[in-house]
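Please open the model in your viewer, with both the cartoon and the side chains available. The tour below proposes one selection after another and says what is to be found at each stop.

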Amino acid sequence: MDTTAIRNDFMSLKDGLVYLDSAATSLTPEPVLEAMNEYYRNYRANVHRGLYAEAERATERYEEARKNIAAFIGATADEVIFTSSATAASNMLVYALEHTLELQEGDEIVTTVMEHHAMLLPLQELAKRNGLVVKYAQLTKDFALDLEDLRELITEKTRIVAVTGASNVTGRVACVPEDTLTTGARPVIVRDMTACVGHMPVNMSALDADFAFFSGHKMCGPTGTGVLYGKKEWLDKLRPGYFGGGMVDSVTLDEATYHVGVPGFEAGTANVGGVIGLGAAVSYLTRIGMDEIRAHVEGLTNYAFEKLGALEGVTLYAAPPEVNVGIVSLTLVGVHPHDVAEIAGQHNVAVRAGHHCALPLHNALGVVATTRASFYLYNTRDDIDALVEAVNDARRTFN
Amino acid sequence: MNEELYQAHILQHAKHPHNKEELADATISVPAKNTSCGDAYTLQLNVQDGFIEKAAFTGIGCAISQAAASLLTDKLTGMSTHEAAQVSEEDVYTLLHVPISTTREKCALLLWRALHEALKEHHA
């Protein structure tokens, strides 16, 4: 993998920025910007509506992006719904499940303390509205999900099992083993794949999830894009979550019927330019190769463990590199995570401080906040050296 | 103003904050939380006959919120509640005397917001 050539595709890196915040949002390569520019400049039109050339081209490119993205995650185009973010996807999914599952008071949701608030909070609210019980699987060593615990929590009352693909704090990859699902009727399996897609090879058909979601902006796509994946047989019977234009079959003043499958879940005008950009991002990542990107990031994570782990007063909250999507959170004794991040910023090193929208996980880790560095295809060992220098400076400043 | 955020006086207040203690005779206690970064303080005032006999705080947070809490409680002690109500955001920035970026505003003003909550409670 030619990191120098890759770095040339990212204009944001031109002025010496050390960008270690891809888990918050990734940078955008030129081909993605070009694809979006081309849409806005040359064939800006709404999709699935107009009968003129630009509208047809926009529709073709939009649907082409869908095929591209589906192939990228080992799914088919009729399983990929576009949303405005991972959060929009998870909320819409939870409403759709509420309209479909005929939930009874006392039914259970099993999820984990590793979840991002984007998954956690819609489920908590769903539980409140319907008198459901939410149960949380805990962590075991190395920040891994405790699969024994998960296994025990799932009972015949469990209707939804929601497990993240990987933690956005510790980078730890998680799974739902087949043998956790043997009790009673199969619950609906939901996976938050936001930290995974574009960072490691993902194959939805192998994952055996009923639903999954991820955002576009953490995988070289533009902000304002997200994907909800639903297994074909599920999308055929799922009731819509949101209602509005574009997803209807027929409407009278008394009632409406809705499109079946993907078109029934894309109410309103889509982020057409954004989706086309996300399609270009997937082409870009595919051209470089997901295995290569994964290996590169694993190498960087290894190096970060070696360098950051050796620093005095530093505690790492990060899974071992081979099971880590490229995220290393840390604390420095005697210095607040915000101050570490601020001093890093003075070194032109972009990292994030806070709880990273995962408060229950921070509680489980026993810290109020951490400073988080995340690695991607455009990062180098020099970037990690710059972070090490910044952490040392933070220690010097506060000692 | 020097452009550096972590100047000696800020670090001094952050490491050795003034008035960081639990007030046994507090007449008002107000929590102050910045959940996005985990900062959590309690501002305590002992108000007698309309005067703040003592302002103090407890809790944890970043250097900026810590220094602001230290400086603000210094300033408040001895003020009348009417004077305290006039303490503005600008006054806090003047006390800190370092450039506060948009992203650190919440840190700088955390205890100041608690002060106004406390005064509301006092007058209620």
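Begin by selecting A:Asp383 and A:Arg7, whose side chains meet in a salt bridge of 3.7 Å, N to O (a salt bridge being a side-chain nitrogen of Lys or Arg within 4 Å of a carboxyl oxygen of Asp or Glu). This pair links distant parts of the chain, since A:Asp383 belongs to helix 13 (residues 381-398) of chain A and A:Arg7 to helix 1 (residues 3-8) of chain A, 376 residues apart; helices (H or I, at least four residues) and strands (E, at least two) are DSSP runs, numbered from the N terminus. A:Asp383 is buried, with a relative accessibility of 5%, whereas A:Arg7 is partly exposed at 22%; buried means under 20% relative accessible area, exposed over 50%, and partly exposed in between (1.4 Å probe, protein chains only).

Before moving on, note that this is a predicted model, in which local features need pLDDT of at least 70 and side-chain atom pairs count only at pLDDT 80 or more, while totals for chains, interfaces and linings use all residues. Residues are numbered from 1 along each chain as its sequence is written, chains are lettered from A and ligands numbered from 1 in the order in which they are written, and side-chain values use heavy atoms, with hydrogens and water left out.

**Further salt bridges in chain A**

Next select A:Arg57 and A:Glu38, which form a salt bridge at 2.5 Å, N to O. A:Arg57 lies in helix 3 (residues 53-72) of chain A and A:Glu38 in helix 2 (residues 30-42) of chain A, so the pair ties together parts that are 19 residues apart in sequence. A:Arg57 is partly exposed at 31% relative accessible area, and A:Glu38 is partly exposed at 28%. If you add A:Arg61 and A:Glu64 to the selection, you will have the four residues A:Glu38, A:Arg57, A:Arg61 and A:Glu64, which are linked in a network of salt bridges.

Then go to A:Lys232 and A:Asp236, a salt bridge whose closest N and O atoms are 2.8 Å apart. A:Lys232 is partly exposed, with a relative accessible area of 31%, and A:Asp236 is partly exposed at 39%. Over all chains, the structure holds 24 salt bridges.

**A buried serine**

Select A:Ser22, found in the loop between strand 1 (18-19) and helix 2 of chain A. A:Ser22 is buried, with a relative accessible area of 0%, and its side chain is joined to that of A:Tyr378 by a polar contact of 2.6 Å (a pair of N or O atoms within 3.5 Å; within protein, one must be able to donate a hydrogen and the other to accept it, and residues adjacent in sequence count only if both atoms are side-chain atoms). Not counting residues up to four places away in sequence, A:Ser22 touches A:Lys218, A:Ser374, A:Tyr376 and A:Tyr378, where contact means heavy atoms within 4.5 Å.

**Cysteines**

How many disulfides does the structure hold over all chains? The count is zero, a disulfide being a pair of cysteine sulfur atoms within 2.5 Å. Select A:Cys175, partly exposed at 37% relative accessible area, and find its closest cysteine sulfur in A:Cys196, 11 Å away and therefore too far for a bond. For A:Cys220, which is buried at 0%, the closest cysteine sulfur is again in A:Cys196, at 16 Å, too far for a bond.

**Where chain B meets chain A**

Now show both chains: the contact takes 17 residues from chain B and 13 residues from chain A. Together they bury about 1200 Å², 57% of it on carbon and sulfur atoms, buried area being the accessible area (1.4 Å probe) that two parts lose on being put together, summed over both. In chain B, select B:Tyr6, B:Lys15 and B:Cys37, which lose the most area to chain A, together 37% of what that side buries.

Between the two chains there are two salt bridges; one of them to select is that between the side chains of A:Asp339 and B:Arg104, at 2.9 Å, N to O. Helix 1 (8-15) and helix 2 (63-76) of chain B each supply at least two residues of the side of chain B that touches chain A.

**Two positive phi angles**

Finish with A:His48, in the loop between helix 2 and helix 3 of chain A, and with B:Asp49, in the loop between strand 2 (39-48) and strand 3 (51-60) of chain B. Neither is a glycine, yet A:His48 has a positive phi of about 60° and B:Asp49 a positive phi of about 50°. A:His48 is partly exposed at 45% relative accessible area, whereas B:Asp49 is exposed at 76%.
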